[in-house]
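Dear colleague,

I am handing over the structure we spoke about, with the sequence alongside. Please open it first, and then read the notes below with it on your screen.

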Amino acid sequence: MKKLLFFMCICLFLPACSLNTEEEETELYVLTTEDREIYNTILESELRGVGWEYDPEEIKFGTGWLPEEGDEDYESLKALSDEMSYDTSNWSKEDLTPTAAVTIYHPNGDLGGSARFYFQSNHIVCGYYTYNGQTYSIGDTAVFLKEGVLTVFENTETEAFDYTESEISVSFNGFSDISPKSGMTAVIEDGSLNFYTLRNQAFELTKSYSEEDLGFVPFDAAFDKDGSCAVLGGVVDEDGNKTSTKLMILDSLLNPTDKGFDIYVGDFSQVLFDDGYVLLSSRSGVSEFEAATHQNTDNHSFIHYVQGLAECDIYNNGTKIYAATDGTDLFVYSSDFDLLWRTYHNSSYDIDSFIYFSDMNGDGVKEIYTEDTDNGVTVKYILTETGFKTSNDIEAALYLPGDFDCSGRDEYAVLSPYGDKILN
């Protein structure tokens, strides 16, 4: 009977919290007012300590049996509890245990799932939450919002390529894009559009366009597969506010063409260029244009402010995704701009607008690299079955990954207070 009740609780999760009816509490386990206050305090520390929000008035207290060794869900629930350092060594095999269940939310109000906890001696000894039929650790606050779109995951056991480390000269702190044809980098710096090529362990300035050359202030630049380049720009007022007014197209030799067009509406700040289509990102979303006809073919609105945007064929098989940041969180979108996943950082986390994709260990799945400007370091996100996870094997420096020599494998320009270097 005990196992039957336990499995019913596990299968139903939040509905299992119907154990907290007055009749069942009276018959099975009496939760005093003092107990409830203690458990409320513990839950507040536990949930809000990892970034979950919840309504304390909606906590359902009840009773249940902890899983026994050999039960179907024993190993998985023990692993999820061990991940949070709950004491699983003395799970009771016979006695009823106080339980609590509550619906949890992300800081922006998005549904997180249904959380359930078991207590012994006023301590949490088992805890987990469920979302979309899957069970997760309480500390796992960023999981896929949509299933089945990304299906190949990072092989974290694959060692990184055997890179050769050399000193290098780098004059810029980040770039807009890299040409897939030549490996040339497009960099916006000091009001100019500069193109650099990696030669002899240094990024040499190959071509430069000033504001006077372009006829506008350059904001961003992006390469198409054939090496042509789209340049977005406009005017900047005395307070530094940007107004986009022009899109220029450079040919594969980086010479101006007549294929650009004027921009009359929008606060665009970034450009992506792919197969003749231009994506312009504004504060609230992206607009798609066909470069040849200048026609606005599609628009997509985001739920967040857009500070940075990047695109990637994450498996090199046509599976395209987009990554965006509002300066605090990272958002990952499908090729149709359906939200797949996002982080929920606190407001002190500061992501720069630079977002890069690269496959550092050669397992066929690209990672996402962003810059934490608070700490001046790169943050690497690897793709796992439950979403992108931060990986802390990056040294305290800014990594700029890219196939600068068109060898088919990315190099890494590493900018560090201790000296710049290249891994190739």
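The second largest pocket has a lining of 25 residues, and those nearest its centre are Thr-343, His-345, Tyr-381, Lys-389 and Thr-390. Please bear in mind throughout that this is a predicted model. The space in the second largest pocket comes to about 430 Å³. By character, the residues of its lining divide into eleven nonpolar, nine polar and five charged.

Which strand gives the largest share of this lining? That strand is β25, from which five residues of the lining come. Strand β25 spans residues 377–384, and β26 covers 387–391; each of these two strands supplies at least two residues of the lining of the second largest pocket.

The other feature that I would like to pass on is a sheet. Strands of a sheet pair through backbone hydrogen bonds, and the pairing may be either parallel or antiparallel. Here, four strands form an open sheet in the order β15-β16-β17-β18, and their pairing is antiparallel. At the edges of this sheet lie β15, residues 270–274, and β18, residues 295–301, each of which pairs on one side only. On average, and with direction ignored, neighbouring strands of the sheet are turned by 20° against each other.

How many bridges join β15 and β16? Strand β15 pairs with β16, which runs over residues 277–281, through five bridges in the antiparallel sense. If you would like one place to look at in this pairing, Gln-270 has Ser-281 of β16 as its bridge partner.

With best wishes

Notes
Residues numbered from 1 in each chain as written. Predicted model: local features only at pLDDT ≥ 70, side-chain atom pairs only at ≥ 80, totals over all residues. Heavy atoms only, no water. 1 Å grid on protein atoms, 1.4 Å probe; cavity = no way out; pocket = protein on both sides within 12 Å on 5 of 7 lines; lining within 4 Å. Points joined across faces, edges and corners; volume = space filled by probe spheres on them. Nonpolar A, V, L, I, M, F, W, Y, C, P; charged D, E, K, R; others polar. Pairing = 2+ DSSP bridges. Axes fitted to C-alpha atoms, helices over the stretch in contact; angles between N-to-C directions.
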